[in-house]
Amino acid sequence: MATPQRTPFKQFWRRFKGNRPAIAGGLIVLSVFVIALFAPVLSPYDPATIDVEKILTGPTQAHPLGTDELGRDILSRMIWGSRISLMVGFVAVGISILIGILIGAVAGYHGGWIDDVLMQFVDIMLSIPTFFLILAVIALVEPSIWNIMIVIGVTSWMGVARLVRGQFLALNEMDYVTAARALGAKDGRMIFFHILPNAMSPVYVSAVLGVAGAILIESSLSFLGLGVQPPTPSWGSIITGGKDTIEIAWWISLFPGLAILFTVLGYNLLGEGLQDALNPRLKD
Amino acid sequence: MIEDAQDRGMDAGILARSDAARDEPAETALLSVKNLKKYFPVRDGLFGQKNLWVHAVDGVSFELQKGEILGLVGESGCGKSTTGRLILRLLDPTSGEIRFMNENILKADARRMRALRREMQIIFQDPYASLNPRMTIGATLEEPLIIHRIGAREERRARVRQLLEKVGLDPDGVNRYPHEFSGGQRQRIGVARALVLNPKLIVADEPVSSLDVSIQAQVINLLEDIQEEYALSMIFIAHDLNMVRHISDRVAVMYLGRIVESAPAPDLYRRPLHPYTEALLAAIPIADPKTKRKRMLLEGDLPSPVNLPPGCRFYSRCQKRIPDCLKEDPPLVQIHPGHWAACILAA
């Protein structure tokens, strides 16, 4: 009688593992994680140590990616900078997902005028060019890493809110949700046991793609000098440090630029792979 | 939004048209439904105007006795599922009265309604959509007991295992997930869930329509056994008269939001009074190829439940129609004892 059906996870894995770009993206994401985690072990020099004898040396055996205008090792600074990127990516996305789920869930579950008001608010937020809003806010508050993460988080939750709202509207019509209602379940149980757990898969995708976006925004802010403040190394600020000497020391800006490029690419590939594997019907 | 629609509906005087409600003593009935209506707004325009209504359920009245199985039959879109959901108050009706155990459940507040839900349950059509894919079978079946704070954990678990056995499944399946079961097995789990709280009323919303024919009989038999054992009352919704013939004590045929004929099952199949019932019966295949019978084909689709035609709502598809049929929408009247029909030709 028992039918051999795959578990949802096995189904997901079967679809995911055949997707080479996604696997590559996953490997990039994983290696950035490892690098950030083991930064103290992996980095050959202290990222803040100034060495006046080695100012603006190109890639050599001692400094594989060269040094900057203060003689600091670019590789070491990039390795430590990966921590900033990851932290900003994850904390900012964490904040945006929490806000997005909360607003989306309230709108989708309650419906009616609350839904109307919240979705109007989402539309208003979406109509504001986020990056300029962030710039404006950062100009007013102290540009610390925590402020940056919070500002990115509170300006990027709208997509998640819409996703979650849509999921709630759709799942609210599912028979198993109706069944729970027919059993007399209260709102909390309906939301946390029956709707939310089944609403999460597009949110995961959105989160992974969101990390890429947050890393980009942080890098842009740091490039503009509004992000993580020196001497803390961040990929964006290393690029800035090299922009005045780019004609004689191209390596300062190039390598952190490539790091941003590949990390963002990695998260995007991974996110799209998750999308295809989790929601195969959306593929076309 | 539902309350909103309801208010506006009343204001617009849409409910002015009413039918003669049947007045019968309601004291013995477990469930008594009077003149139940549910209109859905169709146009919710830019400025929120709602001026068109789908008359999904348009004046349904019936009674259900203790231990009785009522077969509720009709084409898709006739309002039978909506009726089922209204009875369980999963939807709020536009107007009408639902008395369950002599209590008007439409007046019950949220707390009282939760208590009442212990006594009424639902079985769904699609066993693939009716179980939460992220909950084990054990958790799904234990949940009703947790919601209503019944028993200690061990007692609840024992009850779940006992129920799984009752519906013919391995009690050791409690730790498995819905996707590990077949459609028929899942439907048994759905039946078990409806039974956990020992309800008095079960609304079975096309419980076998999406199952293989070979499994259909198994599930119907299971429902019958359970109904007998627990003296349950059941509303068995189906789109095919053949399916409810065996199980129903009484059958009500719905057409465009209204019951057009209602009779004890043997009576209805032996001498249908409404042309629509006749047409449905004529559509049931007979195993003997030599049997000759008059063919009564239903032509066309249901008229739009938004703009109901004047007169009898079956007029456009009726093979026996006469000009008088257009004069008024015939009320459901008792033709023989217990046999009701809404057709001027039957009266």
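This report describes chain B of a predicted model, its confidence, its sheet, its contact with chain A and its nonpolar core.

**Confidence**

The model as a whole scores ipTM 0.82 and pTM 0.82, while chain B has a mean pLDDT of 84, with 86% of its residues reaching 70 or more. Within chain B, confidence is highest in helix 4 (residues 137–147), at a mean of 95, and lowest in helix 1 (residues 2–11), at a mean of 41. The pLDDT is below 50 over residues 1–26 of chain B, a stretch that nevertheless has 32 contacts in the model beyond near neighbours in sequence. Where pLDDT is low, predicted coordinates should not be read in detail.

**The sheet of chain B**

Eight strands of chain B form an open sheet of mixed pairing, in the order 6-7-8-3-9-10-12-11. Strand 6 and strand 11 (333–336) are the edge strands, each pairing on one side only, and from one strand to the next the twist averages 20°. The pairings at these two edges, both within chain B, are set out below.

| Edge strand | Partner strand | Bridges | Direction |
|---|---|---|---|
| strand 6 of chain B | strand 7 (residues 201–205) of chain B | four bridges | parallel |
| strand 11 of chain B | strand 12 (residues 339–341) of chain B | three bridges | antiparallel |

At the first of these edges, B:Met120 has B:Leu201 in strand 7 of chain B as its bridge partner; at the other, B:Gln334 is partnered by B:Trp340 in strand 12 of chain B. In a regular strand the side chains alternate between the two faces of the sheet. In strand 6 (residues 120–123) of chain B, B:Met120 and B:Ile122 point one way, B:Gln121 and B:Ile123 point the other way, and all of them are buried. Helix 6 of chain B lies across strand 6 and strand 7 of chain B, and runs at about 175° to strand 6 of chain B.

**The contact between the chains**

Chain B brings 25 residues to the contact and chain A brings 22 residues. On the side of chain B that touches chain A, strand 6, helix 4 and helix 6 (183–195) of chain B each supply at least two residues, and helix 4 of chain B gives the most, with three residues. By residue class, that side of chain B divides into ten nonpolar, seven polar and eight charged residues.

**The nonpolar core**

The largest nonpolar core holds 159 residues, of which A:Val164, B:Ala204, B:Ile235, B:Phe236, B:Val253, B:Met254 and B:Val260 touch the most other members. Its largest share, 16 residues, comes from helix 4 (residues 74–110) of chain A. For B:Val260, the contacts that remain once neighbours within four places in sequence are left aside are B:Val253, B:Met254, B:Tyr255, B:His274, B:Tyr276, B:Phe314, B:Ala341 and B:Ala342.

**B:Pro264**

B:Pro264 lies in strand 10 (residues 258–264) of chain B. B:Pro264 counts as partly exposed because 16 C-beta neighbours lie inside 10 Å, whereas 20 or more would be needed for a residue to be buried and 12 or fewer for it to be exposed. Not counting residues up to four places away in sequence, B:Pro264 touches B:Asp249, B:Arg250 and B:Gly338. The C-alpha atoms of B:Pro264 and B:Ala194 are separated by 26 Å, with the two residues 70 residues apart along the chain.

Key:
Residues are numbered from 1 along each chain as its sequence is written. Chains are lettered from A and ligands numbered from 1 in the order in which they are written. This is a predicted model: local features need pLDDT of at least 70, side-chain atom pairs count only at pLDDT 80 or more; totals for chains, interfaces and linings use all residues. Two strands pair if DSSP finds at least two bridges between them. pLDDT is the predictor's confidence in each residue, from 0 to 100. Two residues are in contact if their C-beta atoms, placed from the backbone, lie within 7 Å. Ala, Val, Leu, Ile, Met, Phe, Trp, Tyr, Cys and Pro count as nonpolar, Asp, Glu, Lys and Arg as charged, and the others, Gly among them, as polar. Axes are lines fitted to C-alpha atoms, for helices over the stretch in contact, and angles run from 0 to 180 degrees between N-to-C directions. A nonpolar core is a set of buried Ala, Val, Leu, Ile, Met, Phe, Trp, Tyr and Cys residues joined through C-beta atoms within 7 Å.
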